[in-house]
Amino acid sequence: MKPLELRGLTPYGNLLHFLYDPAGFSAKVSATGDVVRVRLGADVPLFVRDPATIEQILVTKNRSFIKDRMTRDLAAVLGNGILVSDGEFWRRQRRLAQPAFHRERIAAYADEMVTAARGAVATWREGQAVDLYAEMMRLTREIVGATLFRGDAAREAEDVAGCLEVLMHRFSDWRFTMFPGLARLPLAVNRRHAAARDRLFARIDGIVAERRRSGEDHGDLLSMLMRARDEDDTGMTDAQLRDEVLILFVAGHETTALALSWAFVLLSGRPDAWAALTAEVDAVLGDRPATVDDLRRLVYTERVVLETMRLYPPAWSIGREAIEDVDLGDGLVVRRGEQVWILQLASHRDERHFPRPLAFEPERWENDLLRRLPRYAYFPFGGGPRLCIGNNFAMMEAVLVLATIAQRWRPAIAARDVPRPQFTITLRPGGPLRATMHGRGGAS
């Protein structure tokens, strides 16, 4: 499969289009072909949409690739956790962290998720105008604080989140994308980044040190990580624990908050889908709190989450770099050092697999569509050995929280109030997501 080329009309190639209109850029690349080399400034990365080629990269020949340069840059913010590390170090860290995410262990956090969600919905009032994305971020931070830092340390979650927001702003600033050398200059923005990073690391180090001193098992994810042992009976160092905690904190709240936020945007545009969702929630739950045992009956609720992540995948791209020349078959060779980008946003909107690709249709997931699709036509949590370690946690949280909110409230979002997506590391609303809260039944 010989790659097609998309060079662009300026010396920067398609870089400006990519920076200013990522959705339009993604559509343009998709319209060009399944495997396309695109000039972005000095780089000419390979963009891949073909499911079979994606499987080669993520699964069959995954050891021939490492994370791409942009993802590796995250180490400056989040340390060397499993999101950005590679090789044998990554394999050891993944092996140590995996038991904390077994289905049985994750199921134990369902009650805390629902309790936090019920606490949040109790604070809203009829007709209240809210920034729904901010509300979802606040709620999912509380959940990750309870499940990751259980106990007094959960109070640190807001400060950790504030520091992270300062740091992550760098990755939405086009100037740093176009001119990476700016990060090394003595600029005020870089001093703010450095101060936030130092404060963030100190906070997490303090939590870990206090937990080491007490020796208590709080039954949370941090305790599981601290107790994990490799074959040689060694565990993670404090620095490794800090890095993994930061990754889990970021991945454990923002991605779910985004899925929930975009779900309410999409549901606001389809009253019949909202009616189907609330009918199921009323039939399954009534007024009682949801439990982990309800997940198998919240079928339509899950379909809403699946369809939302198809149209708005929270992590919208996966990047890799070849560490050797890799033959992917059909004449496609990726050269050593070449950057490869896999856009879930493009794959999930491929009309060959998803008729009416831009339409929000939870019903399309009936009759076990997930199993009938080609592998890597739909992959919101990545795939292969680097499948998101918290995928089951995230799906359970999204379904339980969506059902809990739908029990009592209908957030109404006018089409004119939906901001354009902002393509940072995640797919965020590009501004406040204004919603008016309407109660259902006795909510007020």
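The following questions and answers concern a predicted model of one chain.

Colleague: Which helix has the lowest mean pLDDT among the elements of the chain?

Modeller: The chain averages a pLDDT of 89, and 95% of the residues score at least 70. Where pLDDT is low, the predicted coordinates should not be read in detail. At the high end stands helix α16 (residues 299–311), with a mean of 98. The lowest mean, 65, belongs to helix α11 (residues 174–178).

Colleague: Which helix gives the most residues to the largest nonpolar core?

Modeller: That core has 123 residues, and F249 and L267 touch the most other members. The top contributor, with 17 residues, is helix α14 (residues 238–268).

Colleague: How many residues are in the second, separate core?

Modeller: Its members include A322, V326, L332 and F379. The size of this second core is 17 residues.

Colleague: Is R310 buried or exposed?

Modeller: R310 meets E307 in a salt bridge, with 2.9 Å from N to O. The two are three residues apart in helix α16, so about one helical turn separates them. The cut-off for buried is under 20% relative accessible area. Because its relative accessibility is 0%, R310 counts as buried.

Colleague: Which residues are joined with E307 and R310 into one network?

Modeller: E307 also has 0% relative accessibility and therefore counts as buried. Salt bridges that share partners extend the network beyond E307 and R310 to R356, E361 and R364.

Colleague: How many residues apart are D282 and R440?

Modeller: Their side chains form a salt bridge of 2.7 Å, N to O. D282 lies in helix α15 (residues 271–285), while R440 lies in the segment after β13 (434–439). The pair thus links distant parts of the chain, and the separation is 158 residues.

Colleague: Is D282 buried, partly exposed or exposed?

Modeller: Buried means under 20% relative accessible area and exposed means over 50%. D282 has 37% relative accessibility, so it counts as partly exposed.

Colleague: What is the nearest side chain of opposite charge to D68?

Modeller: D68 sits in the loop between β4 (65–67) and α4 (69–73). D68 is buried but has no salt bridge. A salt bridge needs the nitrogen and oxygen within 4 Å, and the nearest oppositely charged side chain is 5.7 Å away: R320.

Colleague: With which side chain does the side chain of D68 make a polar contact?

Modeller: D68 touches G319, R320, E321, Q339 and W341, leaving aside residues up to four places away in sequence. The polar contact, at 2.5 Å, is with the side chain of T71.

Terms used: Residues numbered from 1 in each chain as written. Predicted model: local features only at pLDDT ≥ 70, side-chain atom pairs only at ≥ 80, totals over all residues. Heavy atoms only, no water. Helix = DSSP H or I, 4+ residues; strand = E, 2+ residues; numbered from the N terminus. Buried < 20%, exposed > 50% of the residue type's maximum accessible area, 1.4 Å probe, protein only. Lys, Arg positive; Asp, Glu negative; His and termini not counted. Polar contact = N/O pair within 3.5 Å; in protein donor to acceptor, adjacent residues only side chain to side chain. Contact = heavy atoms within 4.5 Å. pLDDT = per-residue confidence, 0-100. Core = buried A, V, L, I, M, F, W, Y, C linked by side-chain atoms within 4.5 Å.
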